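Reader: I would like a close look at a single part of this model, followed by whatever helps to place that part among other local features. Please take the time to connect the details.

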Amino acid sequence: HDISDRKELDQMKADFVNMVSHDLRTPLTGMRAFLDSLGAGVYGELNKKGNQASIRIQSSLTRLVNLVNDLLDVEKMEAGRMEMRFGTYSLKHLVDASLDMVRGFADEQKVTVEVGEIIDADVLADLDRMVQVLQNLLANAIKFSPKGEVVTISSSIEPGFVKVSVTDRGTGIAESDIAQIFDRFRQVAPSKSGVKGGTGLGLAICKAILEQHNGTVGVESQVGEGSTFWFRIPGTQKPEKTA
């Protein structure tokens with residue numbers, strides 16, 4: 001009887017995931033592509049109100065697509081099917097690709113992203129997944145920063161590893177919450193508007209991705225003084241060029 005219940009539950013979960021993947025993600029992705037074309041003037045120029053409405057709808061669709069992707073990633077985590085395609089990439093390429101993903105959000109939130117020292121190093125990584133990790137950390141830092149503040153990204157080298165840090169000047173995280181923020185459905189902190197955003201899945205997914213990279217993730221924070229989220233993955237510093 002217990003086995004039958006478990007099989008029925010697993011089938012319900014599989015049906016739900018298939019529904020999310022095919023019945024939600026596919027049309028949402030198509031609508032977002034249409035709005036991209038609309039904003040680019042493919043179907044003619046929009047007036048000011050039309051353009052503003054398009055941007056608002058596109059932002060909402062992006063949040064929905066990200067929610068769907070997070071749910072699918074959690075299912076892959078539980079099933080042990082989060083596949084990785086490893087290659088050797090420069091750390092600068094990883095950072096640049098991640099920054100490109102959050103510049104619009106930073107402008108919208110009136111937060112500046114400042115790039116500190118980025119080590120000339122190679123990392124062994126699944127590029128898309130590591131961009132997902134860094135994009136998540138940057139987006140969180142931007143979301144929880146007051147308007148006009150600065151988010152800083154920097155890196156350092158450790159024996160056999162490259163460490164990347166993202167620092168915000170937000171409200172910080174209570175010590176009692178730090179041990180739990182990488183758990184599923186846990187929120188980092190209230191946003192500056194007092195409203196929680198996101199699914200509470202992003203950091204759990206980041207942790208799972210980094211574990212498959214033989215890496216680690218952590219945070220250092222004090223209430224009222226901001227937070228620094230960091231991760232380290234296998235990497236090597238490139239030798240300095242000699243004349």
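Which residue caps the N-terminal end of α4, and which atoms are involved?

Author: In this predicted model, the residue that caps the N-terminal end of α4 is Asp 126, one of whose side-chain oxygens lies 3.2 Å from the backbone nitrogen of Asp 128. The helix that follows this cap covers residues 127–143, and because 17 residues at 1.5 Å a residue should span 24 Å, the separation of 24 Å between its end C-alpha atoms agrees with the expected value.

As for its surroundings, 12 of the 17 residues of α4 are buried, so the helix is largely enclosed by the rest of the structure. The buried positions include Leu 127 and Lys 143, and among the others are Met 130, Val 131, Val 133, Leu 134, Leu 137, Leu 138, Ala 141 and Ile 142. Arg 129 and Asn 140 are also counted as buried.

Two loop residues may be set beside this helix for their backbone angles. Lys 110, which lies in the loop between α3 (91–109) and β2 (112–115), has a phi near 60°, a positive value in a residue other than glycine. With a relative accessible area of 53%, Lys 110 counts as exposed because the cut-off for that class is over 50%. Asn 214, in the loop between α6 and β6, likewise has a positive phi, of about 60°, although Asn 214 is not a glycine, and its relative accessible area of 62% makes Asn 214 exposed.

Gly 215 is found in that loop too, between α6 (202–212) and β6 (216–221), but Gly 215 counts as buried, at 12% relative accessibility, because the limit for buried residues is under 20%. Leaving aside residues up to four places away in sequence, Gly 215 touches Leu 210, Arg 232 and Ile 233. The C-alpha atom of Gly 215 is also separated by 7.1 Å from that of Phe 231, a residue 16 places apart from Gly 215 along the chain.

Turning to the surface, Phe 34, Val 42 and Tyr 43 make a nonpolar patch of about 340 Å². Of these residues, Phe 34 lies in helix α1, which covers residues 2–39, and Phe 34 is partly exposed, with a relative accessible area of 41%.

Key
Residues numbered from 1 in each chain as written. Predicted model: local features only at pLDDT ≥ 70, side-chain atom pairs only at ≥ 80, totals over all residues. Heavy atoms only, no water. Helix = DSSP H or I, 4+ residues; strand = E, 2+ residues; numbered from the N terminus. Buried < 20%, exposed > 50% of the residue type's maximum accessible area, 1.4 Å probe, protein only. Contact = heavy atoms within 4.5 Å. Patch = residues over 30% accessible without salt bridge, like charges linked within 9 Å, V, L, I, M, F, W, Y side chains within 5 Å. Areas by Shrake-Rupley, 256 points an atom, 1.4 Å probe, with all protein chains shown as cover. Salt bridge = Lys/Arg side-chain N within 4 Å of Asp/Glu carboxyl O. Expected span 1.5 Å × (residues − 1). Polar contact = N/O pair within 3.5 Å; in protein donor to acceptor, adjacent residues only side chain to side chain.
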